[in-house]
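Colleague: Could you take a close look at one helix for me and tell me how it sits among its surroundings? Add a word on any unusual backbone spots you come across.

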Amino acid sequence: MKKLLLLISSFILIIALTGCSYDNKKAETKVLKMGLVPTSNSEKLIEDVQPIANKLSEKLGVKVEAFTASNYIGVIEGLNSGSVDFGLIPPFSSLLATSQGNAKNILTAKGRDGQPGYKAVILVRKNANINSIEDLKNKKVAFVDPSSTSGYIYPGAMIVNKGLSLEKDIVTQFTGGHDKSLQLLLNGDVDAIGSYENLLNKYAKDFPTAKDELKVLATSDLIPGITITVSNSLDADMQKKLKNALLELQNDKETMELMTKLYSITGFEEVNQDVYKKVEETAKSMNVELDKVK
């Protein structure tokens, strides 16, 4: 009987040790998913941000992988489900992610001028004889995505605030990317687009004639910068490590140059929740309800 008990005890110990080994191995191979909203070619974006992911991997001690969905909602849903651990997303997208309590904002990015934000613009062709927002009536306007802050919410609000209806007074379409909107405008397929203020600089190589052919019709108020939003499925300790790692990256010249090139990010600062209320108010001016955006 003693031999039997000893055998059983040994078997249980082996199972326990094997389980611990498996758990430790699993912990060692933990991968953090970094969500990115689509701005251009998704595969190219993943390749471009790989050095940033590598730097974060070094600082966090776990592998960081970049992920981008076909649209903004895909990243937001990933944060809410926990399949995406953190994201670099526009402020309206962050509001959608945090409104259900499954995610939270930990940092706001600073723009090229050092301010914690950027501006949206409405662009038109210089030869189109469109000189005011009111001139957009009965025209075709391209937006990026219903959840894009600069690619829809703010330029759309500028149009609505001038008394035009997005449904009745203009013809709208969503392109899925800022670069795609720019291409349509240059081709003459649409009369105006909603985007962000640095668009023409970012795509100067891809569209070298854009600065000569296009002009800014209207500019928005300051929008909070790209927001670092974490899933609440990510444990608190790792959230803190991630925040500290991003703040430390501000001292890494090479990494920050890449962030500036890709996202016009020059640094990070603590989140001021009050400024996000302005984003929510802007969305409400367009009758956008956070809990109903899909």
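Modeller: Here is a walk through helix H5, followed by two loop residues. Bear in mind that this is a predicted model.

H5 covers residues 149-160, and the first thing to look at is how much of the helix is hidden. Of its 12 residues, 11 are buried, so H5 is largely enclosed by the rest of the structure. The buried set starts with Thr149, Ser150, Gly151 and Tyr152, carries on through Ile153, Tyr154, Pro155 and Gly156, and finishes with Ala157, Met158 and Ile159.

Now go to the N-terminal end of H5, where Ser148 acts as the cap. One of the side-chain oxygens of Ser148 sits 2.8 Å from the backbone nitrogen of Gly151, and Gly151 is itself among the buried residues of the helix.

Next, the neighbour. Two packed helices are described by the angle between their axes and the distance between those axes. For H5 and helix H11 (residues 273-285), the angle is about 50 degrees and the axes are 9 Å apart. An angle over 35 degrees but under 65 is neither roughly parallel nor roughly perpendicular, and H5 and H11 are therefore oblique to each other. The crossing of H5 past H11 is left-handed. On the H5 side, Ile153, Tyr154, Ala157 and Val160 make the contact, and they meet Lys278, Val279, Thr282, Ala283 and Ser285 of H11. Sorted by character, the residues of this contact come out as 6 nonpolar, 2 polar and 1 charged. Three of the H5 names here, Ile153, Tyr154 and Ala157, also appear in the buried list.

As for the backbone, Ser264 is worth a stop. Its phi is near 60 degrees, which is positive, and the residue is not a glycine. You'll find Ser264 in the loop between helix H10 (253-263) and strand E13 (267-269). With a relative accessibility of 16%, Ser264 counts as buried. Its side chain makes polar contacts with two other side chains, that of Arg112 at 3.1 Å and that of Asn198 at 3.2 Å. Leaving aside residues up to four places away in sequence, Ser264 touches Lys110, Gly111, Arg112, Asn198 and Met259.

Asn138 is the other spot to check: a non-glycine residue with a positive phi of about 70 degrees. Asn138 belongs to the loop between strand E6 (120-125) and strand E7 (140-143). Here the relative accessibility is 62%, so Asn138 counts as exposed, whereas Ser264 counts as buried.

Definitions and conventions. Residues are numbered from 1 along each chain as its sequence is written. This is a predicted model: local features need pLDDT of at least 70, side-chain atom pairs count only at pLDDT 80 or more; totals for chains, interfaces and linings use all residues. Side-chain values use heavy atoms; hydrogens and water are left out. Axes are lines fitted to C-alpha atoms, for helices over the stretch in contact, and angles run from 0 to 180 degrees between N-to-C directions. Helices (H or I, at least four residues) and strands (E, at least two) are DSSP runs, numbered from the N terminus. Angles under 35 degrees count as roughly parallel, over 145 as roughly antiparallel, 65 to 115 as roughly perpendicular and the rest as oblique. A crossing is left-handed if the near helix is turned anticlockwise from the far one by less than a right angle, and right-handed if clockwise. Contact means heavy atoms within 4.5 Å. Ala, Val, Leu, Ile, Met, Phe, Trp, Tyr, Cys and Pro count as nonpolar, Asp, Glu, Lys and Arg as charged, and the others, Gly among them, as polar. Buried means under 20% relative accessible area, exposed over 50%, partly exposed in between (1.4 Å probe, protein chains only). A polar contact is a pair of N or O atoms within 3.5 Å; within protein, one must be able to donate a hydrogen and the other to accept it, and residues adjacent in sequence count only if both atoms are side-chain atoms.
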